[in-house]
Amino acid sequence: MTELYFRNREVSSEIIDGENKKEAKEIYREFKKWRKETYDLPAPNFREVMNGDCIPDDGERTNFKFTIVRTSDGRPVGLLIINEKWPEKDILFIGMMYLSKDMRGKGIGKSILNSLYDFAGSGYKRLRVRVHKTNEIKPIFFLKNGFKTVHFLMGNDHILERSIN
């Protein structure tokens with residue numbers, strides 16, 4: 001049985017396992033293509049992500065969640081990587097938030113953030129996200145949703161954060 005990470009009226013997010021792995025791989029292929037076209041950067045292969053090879057050195061495997069996002073009708077539309085309690089114990093860190101191109105601009109991203117706020121409210125003080133510096137749209141999306149720029153990481157990424165009240 002697939003483990004549910006969150007659910008609201010519009011979307012749900014479930015931990016990737018044997019039951020949904022094939023669908024997640026398809027979306028990940030789309031993500032890799034988009035990343036290459038947008039940033040001219042490679043992405044780790046799906047197996048590496050599933051094995052947790054992208055977990056930060058000081059992160060814990062049990063706090064790493066790789067999830068598939070579905071609409072209320074069950075259609076897979078995106079991927080989400082979450083690191084709980086990283087880099088500090090009071091932070092819920094969004095390592096990746098990817099939506100299929102045809103689902104952008106329809107309120108799905110906001111719905112995901114609302115669910116993460118609700119989830120984070122049970123033990124976290126901050127929700128943090130990393131956005132590649134060449135991504136011109138995503139920082140605007142997060143800023144419109146209450147995030148503030150905290151700093152840059154390794155000169156390549158914006159780090160944005162929102163307090164959980």
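Colleague: In which helix is the place of Lys144, and is this residue buried or exposed?
Modeller: This is a predicted model, and in it Lys144 belongs to helix H4, which covers residues 138-144. The cut-off for exposed is over 50% relative accessible area, and since Lys144 has a relative accessibility of 70%, the residue in H4 counts as exposed.

Colleague: How far apart are the C-alpha atoms of Lys144 and Thr62?
Modeller: Along the chain, Lys144 and Thr62 are 82 residues apart. In space, the separation between their C-alpha atoms comes to 31 Å.

Colleague: Which element gives the most residues to the largest nonpolar core?
Modeller: The largest nonpolar core has 27 residues, and those with the most contacts inside it are Leu80, Ile94, Ile112, Leu116 and Phe142. Two or more residues come from each of several elements, namely strands S1 (4-7), S2 (11-15), S4 (76-84), S5 (91-99) and S6 (126-132), together with helix H3 (108-120). With 6 residues, the element that gives the most to this core is H3.

Colleague: Which residues is Leu116 in contact with, leaving aside its neighbours within four places in sequence?
Modeller: Leu116 is one of the buried residues of H3, a list that also includes Ile108, Ile112, Leu113 and Ala120. In soluble globular proteins, nonpolar side chains tend to be buried together. Once the neighbours within four places in sequence are left aside, the residues in contact with Leu116 are Tyr5, Phe6, Leu80, Ile82, Leu92, Ile94 and Leu127.

Colleague: How many residues does the second, separate core have?
Modeller: This core is separate from the one described above, and among its members are Ile27, Tyr39, Ala43 and Phe66. The number of residues in this second core is 18.

Colleague: What separates Arg29 and Glu26 within helix H1?
Modeller: The side chains of Arg29 and Glu26 meet in a salt bridge, at 2.4 Å from N to O. Arg29 is partly exposed, with a relative accessible area of 48%, and Glu26 is partly exposed as well, with 45%. Because the two residues are 3 residues apart in helix H1 (residues 21-39), what separates them is about one helical turn.

Colleague: Where is Lys101, the partner of Glu37 in a salt bridge?
Modeller: The closest N and O atoms of Glu37 and Lys101 are 3.9 Å apart, which falls within the 4 Å cut-off for a salt bridge. Glu37 lies in helix H1 and counts as exposed, at 52% relative accessibility. The pair links distant parts of the chain, 64 residues apart, and Lys101 lies in the loop between S5 and H3.

Colleague: Which residues are linked with Glu88 and Arg126 in a network of salt bridges?
Modeller: Glu88 and Arg126 meet directly, at 2.5 Å from N to O, although Glu88 is in the loop between S4 and S5 and Arg126 is in strand S6, 38 residues apart. Glu88 is partly exposed, with a relative accessible area of 37%, whereas Arg126 counts as buried at 16%. The other residues linked with them in the network are Asp90, Arg128 and Glu161.

Colleague: Is the ring pair of Tyr28 and Phe31 stacked, edge-to-face or tilted?
Modeller: Tyr28 and Phe31 are both buried, and ring pairs link them with Trp34, Phe46, Phe66 and Tyr98 into a cluster. Their ring centres are 5.4 Å apart and their planes stand at 45°, so the pair is tilted.

Notes
Residues are numbered from 1 along each chain as its sequence is written. This is a predicted model: local features need pLDDT of at least 70, side-chain atom pairs count only at pLDDT 80 or more; totals for chains, interfaces and linings use all residues. Side-chain values use heavy atoms; hydrogens and water are left out. A nonpolar core is a set of buried Ala, Val, Leu, Ile, Met, Phe, Trp, Tyr and Cys residues joined through side-chain atoms within 4.5 Å. Buried means under 20% relative accessible area, exposed over 50%, partly exposed in between (1.4 Å probe, protein chains only). Helices (H or I, at least four residues) and strands (E, at least two) are DSSP runs, numbered from the N terminus. Contact means heavy atoms within 4.5 Å. Rings of Phe, Tyr and Trp (its six-membered ring) pair if their centres lie within 6.5 Å; planes under 30 degrees apart count as stacked, over 60 as edge-to-face and the rest as tilted.
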